[in-house]
Amino acid sequence: MHTVLLTLLIIVSIGLIVVVLLQSGKSAGLSGAISGGAEQLFGKQKARGMELVLHRITIVLAVLFFLLALAIVKF
């Protein structure tokens, strides 16, 4: 059981890394680093298309990662 959970954790980890690296940055440069948080909090721009899909996949993989990590600790 431990081996199966560990294998799943490695697969989910690699998938999470790939999905995060596929996402584009919200802003580039120093000016984006300063004002990027304000745009994210107060901006009314919603993610569309591939960005939305990648965002949802990231959330699912992150939840799976934490659940598998906790399951491995239990067993």
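Of the 75 residues in this protein chain, 17% count as buried. Keep in mind as you look around that this is a predicted model. The chain has 3 helices and 0 strands, so its pattern along the sequence reads α-α-α. Let's take a friendly tour, starting with the whole chain and ending with single residues.

**The chain as a whole**

- The protein chain exposes about 6,200 Å², and carbon and sulfur atoms supply 72% of that area.
- Take the contacts between residues at least 6 apart in sequence: 94% of them join residues at least 24 apart.
- One pair to find in the 3D view is Val73 and His2, which are 71 residues apart in sequence, while their C-alpha atoms are 9.4 Å apart in space.

**The nonpolar core**

- In soluble globular proteins, nonpolar side chains tend to be buried together.
- Which residues make up the largest nonpolar core here? There are 9 of them: Leu5, Leu9, Val12, Leu16, Val19, Leu54, Leu61, Leu68 and Ile72.
- Two elements each give two or more residues to this core, namely helix 1 (2–22) and helix 3 (50–74).
- Helix 1 provides the largest share, with 5 residues.
- Leu68 is a good core residue to click on. Leaving aside residues up to four places away in sequence, Leu68 touches Leu5, Leu8, Leu9 and Val12.

**An aromatic pair**

- A pair of aromatic rings is described by two things, the distance of the centres and the angle of the planes.
- The count for this model comes to 1 aromatic pair.
- The partners are Phe65 and Phe66, with ring centres 5.7 Å apart and planes at 75°. Planes over 60 degrees apart count as edge-to-face, so that is the label for the Phe65 and Phe66 pair.
- Are these two residues buried, partly exposed or exposed? Phe65 has a relative accessible area of 27%, so Phe65 is partly exposed. Phe66 has a relative accessible area of 57%, so Phe66 is exposed.

**A nonpolar residue on the outside**

- Val73 lies in helix 3.
- Why does Val73 count as exposed? Its relative accessibility is 70%, and exposed means over 50%.
- Ile72, by contrast, belongs to the largest nonpolar core, so Ile72 is one of the buried residues, as core membership requires.

How values were computed
Residues are numbered from 1 along each chain as its sequence is written. This is a predicted model: local features need pLDDT of at least 70, side-chain atom pairs count only at pLDDT 80 or more; totals for chains, interfaces and linings use all residues. Side-chain values use heavy atoms; hydrogens and water are left out. Helices (H or I, at least four residues) and strands (E, at least two) are DSSP runs, numbered from the N terminus. Buried means under 20% relative accessible area, exposed over 50%, partly exposed in between (1.4 Å probe, protein chains only). Contact means heavy atoms within 4.5 Å. Accessible areas come from the Shrake-Rupley method with a 1.4 Å probe; for residues, only the protein chains shown count as cover. Rings of Phe, Tyr and Trp (its six-membered ring) pair if their centres lie within 6.5 Å; planes under 30 degrees apart count as stacked, over 60 as edge-to-face and the rest as tilted. A nonpolar core is a set of buried Ala, Val, Leu, Ile, Met, Phe, Trp, Tyr and Cys residues joined through side-chain atoms within 4.5 Å.
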